[in-house]
Amino acid sequence: MDLRLYHSPFACSLACRFALAEANLPHELVMVRTSRQENRSEEFKRINPTQKIPVLEANGTIITETSAILPFIAELSPSSQLLPTDPIKKAQVLSLVGYLSSTVHPAWTAIMHPERFTAEPNSIKDVRNSAITRIGASLQLLETTFSSTPLGETFDISQAYLAVLLAWRAHPLVKGLPLTPALDMLQERVLARPRLQPLVQADLAAYAEDMTDKTE
């Protein structure tokens, strides 16, 4: 199958890169740097009218939303075991992906782009602080879950997504988040996987370049 992933450095699309790498699926990578507003171009708007990353093109068909792309990739490579075959375990993984997509990810968006959530410039700080509070509550909930569940040696699409969202905690705007040793261990383990390390390093370099461009 011909696969093309539209990706921005250290965006949520990195989780899709992780899944493609672990599934060992050949694909073309197309960089769409959101920091440079490349996702707002007319060309990309024709690909995804919502102008959001990620987008996966599969044999010419456009698939959007991380929560749809991740299980699609997993289904393409059953041998990679990115999605359990047991119905209950599969539902648990998809439930976590859904929670990350519907609750955790939007809160991060409000932190990084509060202007999308209010038309009042004076409300920017309140929007961001409220989102940080929601992130903290979500992290505590996830910490409780992963503290009581041994990680084992398995790796699935929910961990790919969660590790990227956890890595965003390094953002300079984020202060006062709770301590989460179990989540820290998960993030460290995922980002250290041999197939994922080069992707992390490449994205960090590209992201740093984008941030340098913004300050010049």
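Student: The second largest pocket comes out at about 790 Å³. What makes such a space a pocket rather than a cavity?

Tutor: This is a predicted model, to begin with. A cavity is a space where a 1.4 Å probe fits but cannot get out, whereas a pocket is an open set of points. The second largest pocket, at about 790 Å³, is listed as a pocket, so by that definition it is open.

Student: Which residues lie nearest the centre of the second largest pocket?

Tutor: Q92, V93, D156, S158 and Q159, out of 27 lining residues. Helices α4, α5 (124-147) and α6 each give two or more residues to that lining, and α4 has the largest share with six.

Student: How does the lining of the second largest pocket divide by class?

Tutor: Eleven nonpolar, ten polar and six charged.

Student: And what is the volume of the largest pocket?

Tutor: About 1200 Å³. There, 39 residues form the lining, and A11, T34, M112, H113 and W168 are the closest to the centre. Two or more residues come from each of α3 (66-76), α4 (87-112), α6 (157-167) and α8 (197-215). Again α4 gives the most, six residues.

Student: How do you know which domains the largest pocket draws on?

Tutor: Look at the lining: domain 1 (3-80) and domain 2 (87-192) each supply at least three of its residues. By class, the lining of the largest pocket holds 17 nonpolar, 16 polar and six charged residues.

Student: What about enclosed space, then: how many cavities of 30 Å³ or more are there?

Tutor: One. The largest cavity has a volume of about 30 Å³. Its lining is V104, W108, L139, L142, L162, L165 and L166.

Student: Why does the lining of that cavity count as seven nonpolar residues?

Tutor: Val, Trp and Leu are on the nonpolar list, so V104, W108 and the leucines L139, L142, L162, L165 and L166 go there. That leaves no polar and no charged residues in the lining. As for elements, α4, α5 and α6 each supply at least two residues of the lining, with α6 giving the most, three.

Student: Over to the strands. What makes β1 and β2 a pair?

Tutor: Pairing needs at least two bridges, and β1 (residues 3-7) and β2 (residues 28-31) have four, so they pair, running parallel. Y6 stands opposite V30 in β2. Put helix α1 (residues 13-23) with β1 and β2 and you have a right-handed β-α-β unit.

Student: Which way does β3 run against β1?

Tutor: Antiparallel, with four bridges; L3 has A58 of β3 as its bridge partner. β3 also pairs with β4 (residues 61-64) in the antiparallel sense over four bridges, and A58 partners T61 there. In the β3–β4 hairpin, which has two residues between the strands, N59 takes a positive phi near 50 degrees.

Student: How do you know that both faces of β3 are covered?

Tutor: V55 and E57 on one side, and L56 and A58 on the other, are all buried. Side chains in a regular strand alternate between the two faces of the sheet.

Student: Last one: why is T149 called partly exposed?

Tutor: Buried means under 20% relative accessible area and exposed means over 50%. T149 has 41%, which lies between those cut-offs, so partly exposed is the right label. T149 is in the loop between α5 and α6, and its C-alpha is 11 Å from that of L183, 34 residues apart along the chain.

Methods. Residues numbered from 1 in each chain as written. Predicted model: local features only at pLDDT ≥ 70, side-chain atom pairs only at ≥ 80, totals over all residues. Heavy atoms only, no water. 1 Å grid on protein atoms, 1.4 Å probe; cavity = no way out; pocket = protein on both sides within 12 Å on 5 of 7 lines; lining within 4 Å. Points joined across faces, edges and corners; volume = space filled by probe spheres on them. Domains from an automatic or database assignment. Right-handed = clockwise from strand over helix to strand, strands pointing away. Buried < 20%, exposed > 50% of the residue type's maximum accessible area, 1.4 Å probe, protein only.
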